[in-house]
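Work through these exercises with the structure open beside you. Try each task before reading its solution.

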Amino acid sequence: MSSKTLLTLQELAVQRLLKEEALANIALKNLPTAWLPQLLKQAYAGNHVNVLRTIVSSWPFPRLPLGALKRTSYLDTQAQVVLEEIDKLLIQEVCPRQYKLEVLDLRSVGQNYLDMRPGSMNNWLPQTSSETQEVAGHLKTGVKKPLKVVVDLFFMEAPLTQFLGYLLEWSDKRKGLLQLYCNELHIWSAFRFKHRKLSEKVNLEYVETLGLHDAFCNPVFLLNLASYLGCMRNLRKLSLTNIQEDNLISLEEKSYIIIQFTSQFLNLECLQKLHLETVPFLEGHLHQLLGSVKTPLDDLDVTHCTLSVSEWDSLSEFPCVSQLQQLNLQNVILTDLSPEPLRVLLVKAGPTLVTLDLEDCQIEDQYLHDILPALRSCLQLTKFSFYGNQISLHALRDLLHHTASLRKLRMELYPIPQESYDNSGTLHMELMREHCDELMDILKAIREPGKVFFGTERCFDCDNRYIYNKTPLCECQHYY
């Protein structure tokens, strides 16, 4: 009998149990443990609260991924039932023999996380050897181990969501019996954010992703956060977005804030991804930030930023950029900056670089000509985005010939040639078709292309970009 047939029989049995809850509560004690995740999923979806309570009270796995079921920021009835049942067990001296819960996972993981097909049993085991050792230690001493509650936290400008508020209150109420572990932390309303209070409630050492996003962020917040950033020793990704200049602080104060903040990067030994988008407050100090990163990055995004000549010239010199897999310089205007730092950076990261985004950098023919030999050395490249640059038909032909050796390219985004526009910038549709078709023919003669698209400049009014043979022209764009 096939595994697919067995699964169908299991689902039929689960449906029968849920229709007869009294029978389910009795039968649960004798059901194969591999059936319980599927039963939990369906009981949650059908709001069978009595069955939920029975399942949770004797959960036989170390992990319960509630986040795979919960799809709202509100505290729905089913989630409240699960948390209430766990809370009862927390304050009991002796728990049911079958109950093995150690980690309540509230992250929004995929639904297949609950499918107990062959090979997926490991999802329910402690994820690290250190966790296994901790469990063994507590068993020997007889001390009840605090429940680990793993959650992603998103602090917006509005009041806390009902669920998050409940969770923080629960951690206060059962202090010592449960510990919050944050995997992903994003902060939008920095001026309302109580960093000290969070550090008391959440184990920051396990934060792997940190995002600071606030168009009106007071940069002093970076100073307040600095010491806590140093505690995030497992941080792998840091995103800073819309950190605006503050005219109310002096240059000395600004320098002090930046020094204190960037010095904490020395403690981030696991950092792999650094994303900087629209960070006027840090402009002119990029060299301080990158100079403090001691681990090789695999992903560097510096977008919508204005770089000084000195920042740009030093970009390729830092050890942290030597093994990049992804480089994104979207909307960094390179017109008045030397192509040499980018050429050196492409040569240095060439053996590892997989994705290169130079979209809307206002690159022109000569600049492209200067970096082409370095681009040709990026043999691992699978995606190249070059939309929004002012490139002639002749230069694009040259570019395509230089990418002949890039056999792994699967996504290529090129600007429509400048000859497709008239002197006023109006798009000539027939010329565009001729030029784009010619370029595709050239590419097909060189190598087997993947997905290749040609795009116009962004529309001044709606910011949309017309993609040849893919998207409609916006109504506000002029063409003939």
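## Exercise 1: A salt bridge and its surroundings

In this predicted model, the side chains of Arg 107 and Asp 105 form a salt bridge, with N and O 2.7 Å apart. Task: decide whether Arg 107 is buried or exposed, and do the same for Asp 105.

Solution.
1. Recall the cut-off: buried means under 20% relative accessible area.
2. Arg 107 has 16% relative accessibility, so Arg 107 counts as buried.
3. Asp 105 has a relative accessible area of 1%, so Asp 105 is buried.

## Exercise 2: A link across the sequence

Task: find which parts of the chain the salt bridge between Arg 447 and Glu 412 ties together.

Solution.
1. Start with the contact. The side chains of Arg 447 and Glu 412 meet in a salt bridge, 2.8 Å from N to O.
2. Place each residue. Arg 447 lies in the loop between α16 (429-446) and β14 (451-455), and Glu 412 lies in strand β13 (residues 411-415), so the pair ties together parts that are 35 residues apart in sequence.
3. Check accessibility. Arg 447 counts as buried at 4%. Glu 412 counts as buried at 0%.

## Exercise 3: A pair within one helix

Task: describe where Lys 88 and Glu 85 lie, and state how each is classed by accessibility.

Solution.
1. Lys 88 and Glu 85 form a salt bridge, their closest N and O atoms being 3.8 Å apart.
2. Both residues sit in helix α5 (residues 77-90). They are three residues apart, about one turn of the helix.
3. Lys 88 counts as partly exposed, at 42% relative accessibility. Glu 85 counts as buried, at 11%.
4. Now widen the view. Arg 53, Glu 84, Glu 85 and Lys 88 are linked in a network of salt bridges.
5. Search the whole structure, and 17 salt bridges are found.

## Exercise 4: Two helices in contact

Task: work out how helix α13 is oriented relative to helix α14, and which residues meet.

Solution.
1. Know what to look for. Two packed helices are described by the angle and the distance between their axes.
2. Take the values. The axes of α13 (residues 340-349) and α14 (residues 365-376) come within 8 Å and cross at roughly 15 degrees.
3. That makes α13 roughly parallel to α14, since angles under 35 degrees count as roughly parallel.
4. Add the hand: the crossing of α13 and α14 is right-handed.
5. List the contacts. From α13, Leu 342, Arg 343, Leu 346 and Val 347 meet Tyr 367, Asp 370, Ile 371, Ala 374 and Leu 375 of α14.
6. Sort them by class. The contact of α13 with α14 has seven nonpolar, no polar and two charged residues.

Definitions and conventions:
Residues numbered from 1 in each chain as written. Predicted model: local features only at pLDDT ≥ 70, side-chain atom pairs only at ≥ 80, totals over all residues. Heavy atoms only, no water. Axes fitted to C-alpha atoms, helices over the stretch in contact; angles between N-to-C directions. Helix = DSSP H or I, 4+ residues; strand = E, 2+ residues; numbered from the N terminus. Parallel < 35°, antiparallel > 145°, perpendicular 65-115°, else oblique. Left-handed = near helix turned anticlockwise from the far one by under 90°. Contact = heavy atoms within 4.5 Å. Nonpolar A, V, L, I, M, F, W, Y, C, P; charged D, E, K, R; others polar. Salt bridge = Lys/Arg side-chain N within 4 Å of Asp/Glu carboxyl O. Buried < 20%, exposed > 50% of the residue type's maximum accessible area, 1.4 Å probe, protein only.
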